[in-house]
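The following exercises ask the reader to work through a fold, its charged pairs and its nonpolar interior. Each task is followed by a solution that proceeds step by step.

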Amino acid sequence: MKRGLVVCRTGMGSSMMLRIKLEQVISENNLDIDLEHDVLSAITNYDVDFVVTMNDLVDQVKDDVKAVIGIEDLMNKEELKAKLLDYLNKNQ
């Protein structure tokens, strides 16, 4: 099982919505992923395989994590699915 962390600047708005949509994609596609979410500044408190965040925050987190997935449209489940599958295929 891969462990992921969803983050945004405050840990409340976009990260919570993004986590909900990602959980739907994970469930619908039977992906072996467990997600948590938190504020951007808490990344170093987690031991996760990857971080998911909005594209505008990727540069702020990429040096602190093993892998980062940047999302353009948190409501686009096809984008979420494609990026999760791409990550899983590259990191089996």
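**Exercise 1. Pairing and crossover**

Which residue in S2 is the bridge partner of Val 6?

Solution. The model examined here is a predicted one. Step one is to identify the strands: S1 covers residues 2-8 and S2 covers residues 33-39, and the two pair in the parallel sense over seven bridges. Step two is to find the partner itself, and for Val 6 the residue in S2 is His 37. Step three follows the chain between the two strands, which leads from S1 through helix H1 (residues 14-28) to S2 in a right-handed β-α-β crossover.

**Exercise 2. The sheet and its helices**

Determine the order of the strands, explain what is particular about the edges, and place the helices on the sheet.

Solution. The sheet is open and has four strands, arranged in the order S2-S1-S3-S4 with parallel pairing. Because S2 and S4 (68-71) each have a single partner strand, they stand at the edges, and one side of each is left without a neighbour in the sheet. On average, neighbouring strands of this sheet are turned by 25° against each other when direction is ignored. At the S4 end of the order, S3 (residues 50-54) and S4 run parallel and are joined by four bridges, with Thr 53 standing opposite Gly 70 in S4. Helix H1 packs on the sheet, where it touches S1, S2, S3 and S4, and its direction makes about 175° with that of S2. Helix H3 (residues 77-90) also lies across S1, S2, S3 and S4, and it runs at about 165° to S4.

**Exercise 3. Salt bridges between separate parts of the chain**

How many salt bridges are counted, and which parts of the chain do some of them connect?

Solution. The count comes to eight salt bridges. As a general point, side chains of opposite charge can pair when their charged atoms come close.

- One of the pairs is Arg 3 with Glu 36, whose closest N and O atoms are 2.5 Å apart. Since Arg 3 lies in strand S1 and Glu 36 in strand S2, the pair ties together parts that are 33 residues apart in sequence. With a relative accessible area of 29%, Arg 3 is partly exposed, and Glu 36, at 25% relative accessibility, also counts as partly exposed.
- A further pair is formed by the side chains of Asp 56 and Arg 9, at 3.4 Å from N to O. This pair links Asp 56, in the loop between S3 and helix H2 (58-61), with Arg 9, in the loop between S1 and H1, and the two are 47 residues apart.
- Lys 66 and Asp 47 likewise meet through their side chains, at 3.7 Å from N to O. Here Lys 66 belongs to the loop between H2 and S4 and Asp 47 to the loop between S2 and S3, 19 residues apart, and both residues are exposed.

**Exercise 4. Val 48 in its loop**

Is Val 48 buried or exposed, and which residues does Val 48 contact?

Solution. Val 48 lies in the loop between S2 and S3. Its relative accessibility is 9%, and because the cut-off for a buried residue is under 20%, Val 48 counts as buried. If neighbours within four places in sequence are left aside, Val 48 is in contact with Arg 3, Gly 4, Leu 5 and Lys 66. Two of these contacts, Arg 3 and Lys 66, have already appeared as salt-bridge partners, of Glu 36 and of Asp 47 respectively.

**Exercise 5. The nonpolar cores**

Which members of the largest nonpolar core touch the most other members, and which elements supply this core?

Solution. The largest core holds 19 residues, of which Leu 18, Leu 22, Ile 33, Phe 50, Val 52 and Leu 84 touch the most other members. At least two residues of this core come from each of H1, S2, S3, S4 and H3. Taking Val 52 as an example, and not counting residues up to four places away in sequence, one finds that Val 52 touches Leu 5, Val 6, Val 7, Leu 18, Leu 22, Ile 69 and Ile 71. There is also a second, separate core of eight residues, which includes Leu 5, Leu 40, Ile 43 and Val 51.

**Exercise 6. A backbone angle**

What is notable about phi of Asn 30, and where is Asn 30 found?

Solution. Phi of Asn 30 is near 50°, which is a positive value in a residue other than glycine. Asn 30 is found in the loop between H1 and S2 and, at 70% relative accessibility, counts as exposed.

Methods. Residues are numbered from 1 along each chain as its sequence is written. This is a predicted model: local features need pLDDT of at least 70, side-chain atom pairs count only at pLDDT 80 or more; totals for chains, interfaces and linings use all residues. Side-chain values use heavy atoms; hydrogens and water are left out. Two strands pair if DSSP finds at least two bridges between them. A crossover is right-handed if, with the strands pointing away from the viewer, the path from the first strand over the helix to the second runs clockwise. Axes are lines fitted to C-alpha atoms, for helices over the stretch in contact, and angles run from 0 to 180 degrees between N-to-C directions. Contact means heavy atoms within 4.5 Å. A salt bridge is a side-chain nitrogen of Lys or Arg within 4 Å of a carboxyl oxygen of Asp or Glu. Buried means under 20% relative accessible area, exposed over 50%, partly exposed in between (1.4 Å probe, protein chains only). A nonpolar core is a set of buried Ala, Val, Leu, Ile, Met, Phe, Trp, Tyr and Cys residues joined through side-chain atoms within 4.5 Å.
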